[in-house]
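Biologist: I would like to learn how to read strand pairing and a ligand site in a model. Can we take one feature at a time?

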Amino acid sequence: MATPALMPVYPRCDVRPVRGEGVYLIGERGERYLDFAAGIAVNALGHGHPKLVQAIADQAATLMHVSNLYGSPQGEHFAQRLVDCSFADTVFFTNSGTEAIECAIKTARRFFYVKGEPQRHKLITFNNAFHGRTMGAISATNQPKMRDGFEPLLPGFAYAPFNDLEAALALIDDNTAGFLVETVQGEGGVSAATPEFLQGLRRACDEHGLLLILDEVQCGYGRTGKMWGYEHYGITPDIMTVAKGIGGGFPLGACLATEQAASGMVFGTHGSTYGGNPLAMAAGEAVLDVMQEPGFLDRVTAMGERLRAGLEQLIPNHDHLFVGVRGKGLMLGLKLSDAAEARSFVAHARDHHGLLTVSAGENVVRVLPPLVIEESHIAECLEKLSAAARSYAMPSDD
Ligand SMILES: *Cc1c(COP(=O)(O)O)cnc(C)c1O
């Protein structure tokens, strides 16, 4: 068979969306899906949110793109708002999560380079981590499915089990620059860092002069019911990556840093042609406007609690299939029994019950609805999951 025009790197399913309406996606044949995948935690405001649509349309007609050679009133304004609501002093805008990771790695290396300690370039990262698909980002994970065939990768990474503080501390040596860790692992299986782990990494950074880099591409930006995942832990990072929800569907990412951590990132050290262009900034401002409306994040927390309670109530009725619920806010994972397969259950719920979810590592079904869901959507999701659980044939049954 001839290679398709679209490089076949994704195992694409038969859902072929052509329109979105709030929490629903509509396929080519007019069929409707309840979208509890949200473009993998991207469509924070759902589909077609009027404020986001209007902001993009207005900005597209005014000024879409200019080079970063020119001054950026749009970028300065949005960056200042991110600084005002986070630990950070400064922001670099990207078009994706993996580019934000690249910027974070470069920022950490430059920090030690300008301090006269260029040998301190090694980042300690964690099993099951996912940081994106560029060469730097795949070097920062030890998952073979992302690395195989792409060697030689970027040197300077070491890997410890996630949530194992002792193992992480044991890897610190004279070459260590810091830690790169997801506050809540997404692809890896919706596993939140434990407070002891994250607070222990912070303490180690303070003691040894290392940098704590948090990857909040998936768990940041309101997803867990707080603006930033680290707010659940009473710590702050030195550098943080953000993307997915920040643009609400417009390609946008950011690398945030303290003034000190960014001290090496001077004129000429980094850049991006598109990064932070006026259209992206308008999308970002519109999403942030909605998230900063009074009560928005409290509502995410309340909806997250309802959804979690509903998922937990499904377990006793389907305990051959569902074994536990994990995650925070509206970043939830339904752990399946060993006899089941998250991937095939996600396909079954999608094809036979019109419910979109995403599979993740550790046999987990990720439930990542838009942050603007209402109780009726939660009820519909639970009904569909329950029906899907009743009609799902365990892979071992055939
Ligand atoms: C999705 C993701 C990335 C990569 O983002 P892209 O926009 O796909 O490059 C990085 N880190 C985490 C935690 C992610 O979930």
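Biologist: Which residue in strand 3 is the bridge partner of Y24?

Modeller: Keep in mind that this is a predicted model. Strands of a sheet pair through backbone hydrogen bonds, either parallel or antiparallel. Here Y24 has L34 as its bridge partner in strand 3. That pair belongs to strand 2 (residues 24-27) and strand 3 (residues 32-35), which run antiparallel and are joined by three bridges.

Biologist: What is the order of the strands in the open sheet of four strands?

Modeller: The order is 1-2-3-15, and the pairing is mixed. At the edges are strand 1 (17-21) and strand 15 (355-356), each of which pairs on one side only.

Biologist: How many bridges join strand 13 to strand 14?

Modeller: Six bridges connect strand 13 (residues 322-328) with strand 14 (residues 331-336), and the two run antiparallel. K328 is placed opposite M331 of strand 14.

Biologist: Which residue takes a positive phi in the hairpin of strand 13 and strand 14?

Modeller: G329 does, with a phi near 55°. This hairpin has two residues between its strands.

Biologist: Now the ligand. Which residues are around the ligand?

Modeller: The cut-off for this list is a heavy atom within 4 Å. The residues that meet it are S96, G97, T98, F130, H131, G132, E182, D215, V217, Q218 and K244. By class, this shell has two nonpolar, six polar and three charged residues.

Biologist: Which atoms of F130 and D215 lie 3.2 Å and 2.7 Å from a nitrogen atom of the ligand?

Modeller: A polar contact is a pair of N or O atoms within 3.5 Å. For F130, a backbone N or O atom is 3.2 Å from a ligand nitrogen. For D215, an N or O atom of the side chain is 2.7 Å from a ligand nitrogen. K244 also takes part: one of its polar side-chain atoms lies 2.7 Å from an oxygen atom of the ligand. The ligand taken alone exposes 380 Å², and the protein buries 83% of that.

Biologist: What does UniProt list for K244?

Modeller: The unreviewed UniProt entry lists K244 as "modified residue: N6-(pyridoxal phosphate)lysine". That annotation may be inferred rather than shown by experiment.

Biologist: Where does K244 lie, and which residues does K244 touch?

Modeller: K244 sits in the loop between strand 11 (239-242) and strand 12 (253-257). Not counting residues up to four places away in sequence, K244 touches I40, A41, V42, V217, Q218 and L252. Among these, V217 and Q218 are also around the ligand.

Note on methods
Residues are numbered from 1 along each chain as its sequence is written. This is a predicted model: local features need pLDDT of at least 70, side-chain atom pairs count only at pLDDT 80 or more; totals for chains, interfaces and linings use all residues. Side-chain values use heavy atoms; hydrogens and water are left out. Two strands pair if DSSP finds at least two bridges between them. A polar contact is a pair of N or O atoms within 3.5 Å; within protein, one must be able to donate a hydrogen and the other to accept it, and residues adjacent in sequence count only if both atoms are side-chain atoms. Accessible areas come from the Shrake-Rupley method with a 1.4 Å probe; for residues, only the protein chains shown count as cover. Ala, Val, Leu, Ile, Met, Phe, Trp, Tyr, Cys and Pro count as nonpolar, Asp, Glu, Lys and Arg as charged, and the others, Gly among them, as polar. Contact means heavy atoms within 4.5 Å.
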